[in-house]
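Open the model in your viewer and keep the selection tool at hand. What follows is a short walk from stop to stop.

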Amino acid sequence: GKGHSHWSYEDLKHWSTDYLDCGGTKQSPINVDTAQAIFSPDLRPIQISGYSLPASEQLKLKNNGHTVVLDLPDSLALTGGYAQQYRAAQLHLHWGSPSGPGSEHTINGQRFAAEIHVVHYNTKYDSFTEAMVHPDGLAVLGAFLEVGHAENQYYHEILKHLFEIQEVGQETLVPGFNIAGLLPANLKFYFHYNGSLTTPPCYQTVKWTIFNQTMLLSHHQMSMLVSTLRSPDDEILQNNYRPVQNLHGRRVLASFQ
Ligand SMILES: NS(=O)(=O)c1c(F)c(F)c(SCCc2ccc(C(=O)O)cc2)c(F)c1NC1CCCCCCC1
Ligand SMILES: [Zn+2]
């Protein structure tokens, strides 16, 4: 590939010239048309283990110029809902701006304020980099974030550090906390489909789970998310979401009716 050739959300049409897979037929994100989703009762509840980390565990939080990434130890495991076992690699967020929402996936055309992605890799591969080039290599858990009345104490564990990493490349350490608190309490109701990374290299190696229940943050928390970090051109990092991609005949499964 072009190594670290710089891509941006403003210049989407060049993604597929620099990264072949970005022009593929199993790309993400997508719009979920709930009327077309296929109810699949065999889809088991998603089960996670090892997500509750002691404060003694320090996690790296980085502004990589495209999002805020929290590195996760591979002690966090996806143990149910997928045919194989996956372990966590990192989590990151996608958001909009004060004037509009910025989730990557949409539901019946509705875009949500923001979206969390918890990225996992299949443990049958020796490393993340090995896993990410195989069709069953990656599993990403996605949940939508919306503005509610109360402050979310779990998201606060990340958001309170954003001011320390305003500039691209800056990183800080975050004490461990219960990462499960960033995901819905109910992991039974979700959509499932085969797609891709939503950023170059766009590898078509992601089994996506999009939860039906949304996470609620306070208005102040959401405004911190959309107005603190800077991008490589030293603008405020906003609208870091890829437009929805064509399904090309793919089916979206639903674990609920
Ligand atoms: N939705 S997603 O999962 O496709 C995704 C995005 F949409 C993303 F936008 C990102 S961030 C962009 C990729 C990137 C850039 C720089 C660095 C660094 O300097 O460390 C790291 C990564 C991002 F990191 C991810 N997740 C990554 C995909 C990039 C390659 C593998 C790394 C783990 C998963
Ligand atoms: Zn993402």
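The tour starts at the metal, moves to the neighbouring ligand, and ends in the loops.

**Before you start**

Keep in mind that this is a predicted model.

**Stop 1: the zinc ion**

Select ligand 2, the zinc ion, and show its protein donors. They are His-92 through NE2, His-94 through NE2 and His-117 through ND1. These atoms lie 2.0 Å from the zinc ion.

Now display the angles. What arrangement do the 4 donor atoms around the zinc ion make? The arrangement is tetrahedral, because the angles they subtend run from 100 to 117°. For reference, the ideal angle for four tetrahedral donors is 109.5 degrees.

Next, look at the donors along the chain. Their spacing in sequence reads H-x1-H-x22-H. Color strand β7, residues 86–95, and you will find His-94 in it. Color strand β10, residues 114–122, for His-117. The two histidines are 23 residues apart, and the pair links distant parts of the chain.

Switch on the surface and check both residues. Are His-94 and His-117 buried or exposed? His-94 has 3% relative accessibility, so it counts as buried. His-117 counts as buried too, at 1%.

**Stop 2: ligand 1**

Select ligand 1 and expand to the residues around it. There are 17 of them. Those that come nearest are Asn-64, Gln-90, His-92, His-94 and Thr-198. Two of these names are familiar from the first stop: His-92 and His-94 are also zinc donors.

Turn on distances for the polar side-chain atoms. Begin with His-92: one of its polar side-chain atoms lies 3.3 Å from a nitrogen atom of ligand 1. Move to His-94, where an N or O atom of the side chain is 3.4 Å from a nitrogen atom of the ligand. Then pick Lys-62. Its side chain has an N or O atom 3.4 Å from an oxygen atom of ligand 1.

How much of ligand 1 does the protein cover? On its own, ligand 1 has 650 Å² of accessible area, and the protein covers 76% of that.

Color the shell by secondary structure. Strands β7 and β10 each supply at least two residues. β7 gives the most, with 3 residues. Recolor by residue class, and the shell divides into 6 nonpolar, 9 polar and 2 charged residues.

**Stop 3: two cis peptide bonds**

Leave the ligands and go to Pro-29. It is found in the loop between α1 (15–18) and β1 (31–32). The peptide bond leading from Ser-28 to Pro-29 is cis, with omega near 0°.

Jump to Pro-201. Here the loop is the one between β13 (190–195) and β14 (206–211). The bond from Pro-200 to Pro-201 is also cis, and its omega is near 15°.

**Stop 4: two positive phi angles**

Stay in the loop between β13 and β14 and select Cys-202. Although Cys-202 is not a glycine, its phi is positive, at about 60°. Cys-202 is buried, because its relative accessible area is 0%.

Finish at Asp-234, in the loop between α4 (219–227) and β16 (253–254). Asp-234 is not a glycine either, yet it has a positive phi of about 60°. How accessible is Asp-234? Its relative accessible area is 46%, so Asp-234 is partly exposed.

Terms used
Residues are numbered from 1 along each chain as its sequence is written. Chains are lettered from A and ligands numbered from 1 in the order in which they are written. This is a predicted model: local features need pLDDT of at least 70, side-chain atom pairs count only at pLDDT 80 or more; totals for chains, interfaces and linings use all residues. Side-chain values use heavy atoms; hydrogens and water are left out. Donors are N, O and S atoms within 2.8 Å of the metal (3.2 Å for Na, K and Ca); water is not among the atoms, so sites may look incomplete. Four donors count as tetrahedral if all angles lie between 85 and 135 degrees; four count as square planar and six as octahedral if opposite donors are over 155 degrees apart and all others between 65 and 115; anything else is irregular. Helices (H or I, at least four residues) and strands (E, at least two) are DSSP runs, numbered from the N terminus. Buried means under 20% relative accessible area, exposed over 50%, partly exposed in between (1.4 Å probe, protein chains only). A residue is near a molecule or strand if one of its heavy atoms lies within 4 Å of it. A polar contact is a pair of N or O atoms within 3.5 Å; within protein, one must be able to donate a hydrogen and the other to accept it, and residues adjacent in sequence count only if both atoms are side-chain atoms. Accessible areas come from the Shrake-Rupley method with a 1.4 Å probe; for residues, only the protein chains shown count as cover. Ala, Val, Leu, Ile, Met, Phe, Trp, Tyr, Cys and Pro count as nonpolar, Asp, Glu, Lys and Arg as charged, and the others, Gly among them, as polar.
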